[in-house]
Amino acid sequence: MSSREDILATIRRNTKQRYDYPVWEVEAITYADKIAKFCEVIRQVGGEAVLLGDGEDVSSVVRSRYPEATRIASSLENVACATFNPDDVEQAQDLDGTDIAIVKGAFAVAENGAVWIPQTVKHRALYFIAERLVIVVEREHILNNMHEAYHRLAAETYPFGTFISGPSKTADIEQALVMGAHGARDVLVVLT
């Protein structure tokens with residue numbers, strides 16, 4: 001018997017009364033208007049959200065917001081402004097210098113402005129190496145809170161994924177906030 005098993009056996013022998021594990025009832029926050037709350041929170045964390053209107057598409061939004069961008073990566077269909085498909089590059093290092101990466105988010109969370117981005121491209125570095133990140137999410141896939149998000153993640157299988165909430169940021173002891181320190185300097189979520 002190992003030390004661990006000895007300790008656990010001793011605890012079991014000396015436990016006088018046992019209790020069933022409690023059933024937890026989580027009362028997480030919900031919102032009457034998840035879209036409005038998501039847009040509010042994403043602004044608070046330094047990002048921005050745009051609701052596509054009738055006749056608008058992702059390409060027109062990207063071109064109007066970032067007219068100076070020349071190197072735009074996307075493997076999504078219906079994104080005409082992309083200048084290259086990131087899956088066509090051999091090594092992740094070849095993505096360096098990408099002005100904008102347009103990627104698909106599986107769902108968003110109103111509580112904290114986070115978007116779950118499963119890996120749908122060859123090199124996951126795309127999500128972090130681009131100067132600007134445009135995340136496309138269907139508005140009916142906005143969840144209230146992280147409890148709902150983790151429930152959804154438990155029901156699905158992803159080889160890799162990440163939550164992104166606004167642009168990359170860091171602050172030092174002098175309270176100087178730096179945007180884009182470890183990833184995208186700008187995050188725009190397009191709600192379709």
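Two strands count as paired if DSSP finds at least two bridges between them. The exercises below apply this to a predicted model.

**Exercise 1. Work out the order of the strands in the open sheet of 5 strands, and find which strands stand at its edges.**

Step 1. Begin with β6 and β11, which pair in the parallel sense over 6 bridges; within this pairing, L133 stands opposite V187 in β11.

Step 2. Turn next to β3 and β6, where 5 bridges join the two strands, again in the parallel sense, and where I102 has V134 of β6 standing opposite.

Step 3. Continue to β2, which runs parallel to β3 (residues 100-104) and is joined to that strand by 3 bridges; here the bridge partner of S74 is I102 in β3.

Step 4. With β1 added, the complete order of the open sheet reads β1-β11-β6-β3-β2, with parallel pairing. The edges are taken by β1 (48-51) and β2 (72-74), and because each of them has a single partner strand, one side of each is left without a neighbour in the sheet.

Step 5. When direction is ignored, neighbouring strands of this sheet are turned by 20° against each other on average.

**Exercise 2. Find which strands of the sheet are touched by helix α3, and how the direction of this helix stands to that of β11.**

Step 1. Helix α3, which covers residues 58-65, packs on the sheet and touches β1, β2, β3, β6 (132-137) and β11 (186-191).

Step 2. The direction of helix α3 makes about 150° with that of β11.

Step 3. For β6, one of the strands touched by this helix, the cover can also be stated: 5 of the 6 residues of β6 are buried, which leaves the strand mostly covered.

**Exercise 3. Decide whether I72 is buried or exposed, and list what it touches.**

Step 1. I72 lies in strand β2, and β2 is one of the two edge strands of the sheet.

Step 2. A residue is called buried when its relative accessible area is under 20%; I72 has 0% relative accessibility, and therefore counts as buried.

Step 3. Not counting residues up to four places away in sequence, I72 touches V62, R63, C81, A82, T83, F84, I100 and I102.

Step 4. As for distance, I72 and I129 are 57 residues apart in sequence, while their C-alpha atoms are 12 Å apart in space.

**Exercise 4. Decide for each of T162, N78 and Y21 whether the residue is buried or exposed.**

Step 1. T162 lies in strand β8 (residues 161-164). Its relative accessibility is 15%, so T162 counts as buried, and, leaving aside neighbours within four places in sequence, T162 is in contact with V115, W116, I117 and F128.

Step 2. N78 has its place in the loop between β2 and β3. A residue is called exposed when its relative accessible area is over 50%, and N78, with 71%, is therefore exposed. The backbone of N78 has a positive phi of about 70°, although N78 is not a glycine.

Step 3. Y21 lies in the loop between α1 (3-14) and α2 (34-44), and because its relative accessibility is 69%, Y21 counts as exposed. Together with W24 and V26, Y21 makes a nonpolar surface patch of about 450 Å².

How values were computed
Residues are numbered from 1 along each chain as its sequence is written. This is a predicted model: local features need pLDDT of at least 70, side-chain atom pairs count only at pLDDT 80 or more; totals for chains, interfaces and linings use all residues. Side-chain values use heavy atoms; hydrogens and water are left out. Helices (H or I, at least four residues) and strands (E, at least two) are DSSP runs, numbered from the N terminus. Axes are lines fitted to C-alpha atoms, for helices over the stretch in contact, and angles run from 0 to 180 degrees between N-to-C directions. Contact means heavy atoms within 4.5 Å. Buried means under 20% relative accessible area, exposed over 50%, partly exposed in between (1.4 Å probe, protein chains only). Patches are made of residues with over 30% relative accessible area and no salt bridge: like charges are joined within 9 Å, nonpolar side chains (Val, Leu, Ile, Met, Phe, Trp, Tyr) within 5 Å. Accessible areas come from the Shrake-Rupley method with a 1.4 Å probe; for residues, only the protein chains shown count as cover. A salt bridge is a side-chain nitrogen of Lys or Arg within 4 Å of a carboxyl oxygen of Asp or Glu.
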